[in-house]
Amino acid sequence: MANYSYIGYAPGVITVNFSGPDTVTLDSGYDPATDRRIFDVTDADGGNILPWWNPTPDTGTVFNGDRYNDENGDDATQTGVVTNLDGSVTYDSGAIYLEESYALAKPGGGTINMYRVEVEGNLVGYITSEPLVPGTTYSMTVSKVTPGNAPDTTDPSALVDVPCFTAGTLIETPDGAKAIEDLARGDLVLTLDHGP
C-alpha cells in the first residue's frame, strides 16, 4: 500500500477560465499560510484501474483520475484526506482523484502541469508540477486524467509541494546566504538547475 502527500493550493485562490482563451490565474492576494492544503492519499496496489474492458494494472503509486466525469475515480482503492497545513482542520475525505489536467504555458517558455483534485465530486484544491506565480495568468489546455497521463508519485518532478519558508530560513543568493525575510521581490536566488 502506498501513502503519499502533497501540499497544493486551496480551491478559492485559483481561477480557471473557460470562456475565451482558456486561462489559469493564482490570485495576487495568495497567502501561503492560509491558501494551501495538504492532500494525504492512501492507495492499495493490485487490482485494476477502470475501464473494465481495457484495464490497467494498479501499482498504487499513480495518482489516478476520473476520466468519465462521473464523480467516481478510476482507482477504487485510492482514498484521501484534505486538511489545512497543521492538520487541525479537515476539509474533506473519501475517494480522491484528479478530475482534470491543465497544461499551463509558462511566460518564459515551458509547461507547468496542474491538476484539479476532487473528493467524491467536491473540488478540494489543485496540485502542480511547479509553483505558480501569484497574479500571473497562464494560458492552458485541458484534458482528462487517464492512466496514460496520471502523475507517477515516485517521480519527484511529476508533482511538487507548494513551498513556504519560515522566518530564519537561509536562502542561497549570488551574494551568500540570506534569511528569507530579508529577500524582496526581484532579488536573485540560486536554483539547483537554472543558476541565479
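**Exercise 1.** In this predicted model, determine in which strand alanine 105 is found, and whether alanine 105 is buried, partly exposed or exposed.

*Solution.* Alanine 105 belongs to strand β8, which covers residues 90–105. Its relative accessible area is 34%. Partly exposed residues fall between the limits of 20% and 50%, so alanine 105 is classed as partly exposed. In sequence, alanine 105 and tyrosine 138 are 33 residues apart, yet their C-alpha atoms are 5.8 Å apart in space.

**Exercise 2.** Locate arginine 36 and establish which side chain of opposite charge is nearest to it.

*Solution.* Arginine 36 is found in strand β4, residues 36–43. The nearest side chain of opposite charge is that of aspartate 31, at 7.5 Å. A salt bridge requires the charged atoms to be within 4 Å; arginine 36 has no salt bridge, although it is buried. A polar atom of the arginine 36 side chain does, however, lie 2.7 Å from the backbone oxygen of proline 32.

**Exercise 3.** State where tryptophan 53 lies and which residues make the nonpolar surface patch.

*Solution.* Tryptophan 53 is placed in the loop between β5 (48–49) and β6 (56–57). With a relative accessible area of 55%, tryptophan 53 is exposed, because the limit for that class is over 50%. The patch is made by Leu50, Trp52, Trp53 and Tyr68, and its area is about 530 Å².

**Exercise 4.** Give the domains of the chain and how far apart their C-alpha centres lie.

*Solution.* The domain assignment places residues 2–161 in domain 1 and residues 165–195 in domain 2. The C-alpha centres of domain 1 and domain 2 are 28 Å apart.

Key. Residues are numbered from 1 along each chain as its sequence is written. This is a predicted model: local features need pLDDT of at least 70, side-chain atom pairs count only at pLDDT 80 or more; totals for chains, interfaces and linings use all residues. Side-chain values use heavy atoms; hydrogens and water are left out. Domain bounds come from an automatic or database domain assignment. Helices (H or I, at least four residues) and strands (E, at least two) are DSSP runs, numbered from the N terminus. Buried means under 20% relative accessible area, exposed over 50%, partly exposed in between (1.4 Å probe, protein chains only). Lys and Arg count as positive and Asp and Glu as negative; His and the chain ends are not counted. A polar contact is a pair of N or O atoms within 3.5 Å; within protein, one must be able to donate a hydrogen and the other to accept it, and residues adjacent in sequence count only if both atoms are side-chain atoms. Patches are made of residues with over 30% relative accessible area and no salt bridge: like charges are joined within 9 Å, nonpolar side chains (Val, Leu, Ile, Met, Phe, Trp, Tyr) within 5 Å. Accessible areas come from the Shrake-Rupley method with a 1.4 Å probe; for residues, only the protein chains shown count as cover.
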